[in-house]
Amino acid sequence: MNPEVQREIHDFLVAEFALERTSIPAGENLLATGIIDSMGILRLVTFLEERFGFEASDEDMVPENFTTLEMISAFVERQGKR
Amino acid sequence: MDFSFTPEQLALRAELVKFARRELNEGLADRDRSHAFSREGWSRCAAMGILGLPFPKEYGGSDADVLTTLLAMEALGYGCRDSGLIFAMNAQMWAVQTPIWNFGTDEQKRRYLPRLCAGQSIGAHGMSEPDSGSDSSALATTATRRGDRWILKGTKTFVTNAPIADVFVVFATTDRSRGFMGLTGFVFEKGVKGLRIGNPIEKMGLRTSPMAELIFEDCELPSDALLGREGGGAEVFSSSMEWERGCLLASYLGAMEHQLETCVEYARTRRQFQRPIGKFQSVANKLVDMKVRLETSRLLLYRLAWLKTAGREAVTDAAIAKLYLSESWVQSCLDAIQVHGGYGYMSEFGFERDLRDSIAGRIYSGTSEIQRNIIATQLGL
């Protein structure tokens, strides 16, 4: 796990979706808590694509890639290996 | 970008305008007053092949491409004054037939699509709930497995076609811990145990398109009612919305063109102070603004169709088109009433019905506010 990637995503999530908080635990369920909803996923994916230089496909839009900060980071790192 | 149409496409447009004017408008004022749906109009549209336009021939469709389909819906908007009927057809074509076509099993496609394309069955789509409108992640309707069946509990509201539907596409949450990614689609026929259809809901406009609630009281669905994969409901829902937005907008385009022509004709012939009212700049300017909105709307919509045809991503373009065309249609209705003065305000002339119908466009398929949110997001805000 690249801690730099995870930190950048963490900071984006806090700044965009959890303004009242200062941190989000890596294992917190972002979908169940509503931190990421159907509108938020658009913003998150746009950020990830632009910042890390890849294009997410429809098949990528599954809970296994977006439920927690850890999963999002792992998903981004897998893009570099495609 | 080349937005010119082939002679065949233009012939189809002309044929559909003629058909709509001749077959779909009679008795509309009475139907609007009594909130009556025209099953006859529906069957006539099906016989013209409208309900099957973009769907594969093997399932009763015509294999029409995106632009041809948009042009056909535009023609319908131009010739048919019954916006409720057009809305009801769009609700079935894009929110019922399209998800079945894109995500259904071969068996589901064979079972449902031919009857829907032929107008023998009517489809309804249930997503909104009493406490969940724009925020689809807040759905309260649940689906749980019980043996080889699914058990649905909850209520869907604002379900277009519900009182007359034979086939339903409905979304429920199968895993709340996954938020909007825990949504799952289902397709099934009326008569399933535990499904109750509420009383028809009265509306401000689009009164000829019937609407009701769907109440699921431990409703039992067979395992083959699953539409797409479990947890794939958001994807199924989004795909239908892209089509729905584009094609509903096409009918607004036709309606705005018809309205402008009517207003220009009136402004050229209605005389006040010894001259046609169109000679007064305050009236002429309204008509010019209607024309500018019509042509900018046309460009936005055709560009959206071009992007979709090219397989390009069009999230921002779809949101801009939905926002602009729906707001333009409302403004066009207001201007048409103003140009016609007292006559415009009278029910007999139909402009007040158009206005009542048009307001819904700012709300359904994603409100104007949600479209602005989407565009803002895409701007990085």
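Which hand does the crossing of helix 9 of chain B and helix 11 of chain B have, left or right? I looked that up and found it left-handed.

**Ground rules**

I am working from a predicted model, where local features need pLDDT of at least 70, side-chain atom pairs count only at pLDDT 80 or more, and totals for chains, interfaces and linings use all residues. Residues are numbered from 1 along each chain as its sequence is written, chains are lettered from A and ligands numbered from 1 in the order in which they are written, and side-chain values use heavy atoms, with hydrogens and water left out.

**Entry: helix 9 and helix 11**

My helices (H or I, at least four residues) and strands (E, at least two) are DSSP runs, numbered from the N terminus. Helix 11 of chain B covers residues 368-378 and packs on helix 9 of chain B at an angle of about 145°, with the axes 9 Å apart. Axes here are lines fitted to C-alpha atoms, for helices over the stretch in contact, and angles run from 0 to 180 degrees between N-to-C directions. For handedness I call a crossing left-handed if the near helix is turned anticlockwise from the far one by less than a right angle, and right-handed if clockwise.

Next I listed the contacts (heavy atoms within 4.5 Å). From helix 9 of chain B they include B:Ala319, B:Ile320 and B:Leu323, and from helix 11 of chain B they include B:Gln371, B:Ile374 and B:Ile375. I also checked burial, with buried meaning under 20% relative accessible area, exposed over 50% and partly exposed in between (1.4 Å probe, protein chains only). In helix 11 of chain B the buried residues are B:Ser368, B:Ile370, B:Gln371, B:Ile374, B:Ile375 and B:Thr377. After helix 11 of chain B comes B:Gly380, with a positive phi near 85°.

**Entry: a glycine in helix 9**

I stopped at B:Gly344, which sits in helix 9 of chain B. Its relative accessibility is 0%, so B:Gly344 counts as buried. Beyond the neighbours within four places in sequence, B:Gly344 is in contact with B:Ile337, B:Phe351 and B:Glu352.

**Entry: helix 5 and its partners**

Helix 4 of chain B and helix 5 of chain B have axes that come within 11 Å and cross at roughly 160°. I count angles under 35 degrees as roughly parallel, over 145 as roughly antiparallel, 65 to 115 as roughly perpendicular and the rest as oblique. Helix 4 of chain B and helix 5 of chain B are therefore roughly antiparallel to each other. Their crossing is right-handed. Among the residues in this contact are B:Met73 and B:Leu76 of helix 4 of chain B, and B:Met89 and B:Met93 of helix 5 of chain B.

I then tried helix 3 of chain B against helix 5 of chain B: the axes come within 11 Å and cross at roughly 55°. That makes helix 3 of chain B oblique to helix 5 of chain B. The crossing of helix 3 of chain B and helix 5 of chain B is right-handed. B:Gly41, B:Trp42 and B:Cys45 of helix 3 of chain B make the contact with B:Leu85, B:Ala88, B:Met89 and B:Gln92 of helix 5 of chain B.

**Entry: the cores**

A nonpolar core here is a set of buried Ala, Val, Leu, Ile, Met, Phe, Trp, Tyr and Cys residues joined through side-chain atoms within 4.5 Å. The largest one has 69 residues, and B:Leu24, B:Trp42, B:Ile50, B:Leu76, B:Met89 and B:Leu301 touch the most other members. Helix 7 of chain B gives the largest share, 12 residues. Domain 1 (7-121) and domain 3 (249-378) of chain B both contribute to this core, so it lies between them.

I followed B:Ile50 further: leaving aside neighbours within four places in sequence, B:Ile50 is in contact with residues including B:Leu16, B:Phe19, B:Met73 and B:Met93. A second, separate core has 27 residues, among them A:Ile9, A:Phe17, A:Ile24 and A:Ala56.

**Entry: domains**

The bounds come from an automatic or database domain assignment. Besides the two domains above, chain B has domain 2 (124-230). The C-alpha centres of domain 1 and domain 2 of chain B lie 23 Å apart. Their contact takes 28 residues from domain 1 of chain B and 23 residues from domain 2 of chain B.

**Entry: two odd phenylalanines**

B:Phe158, in strand 3 (residues 149-160) of chain B, has a positive phi of about 55° without being a glycine. At 52% relative accessibility, B:Phe158 counts as exposed. B:Phe273 also has a positive phi of about 55°, and lies in the loop between strand 9 (271-272) and strand 10 (275-276) of chain B. B:Phe273 counts as exposed at 65% relative accessibility.
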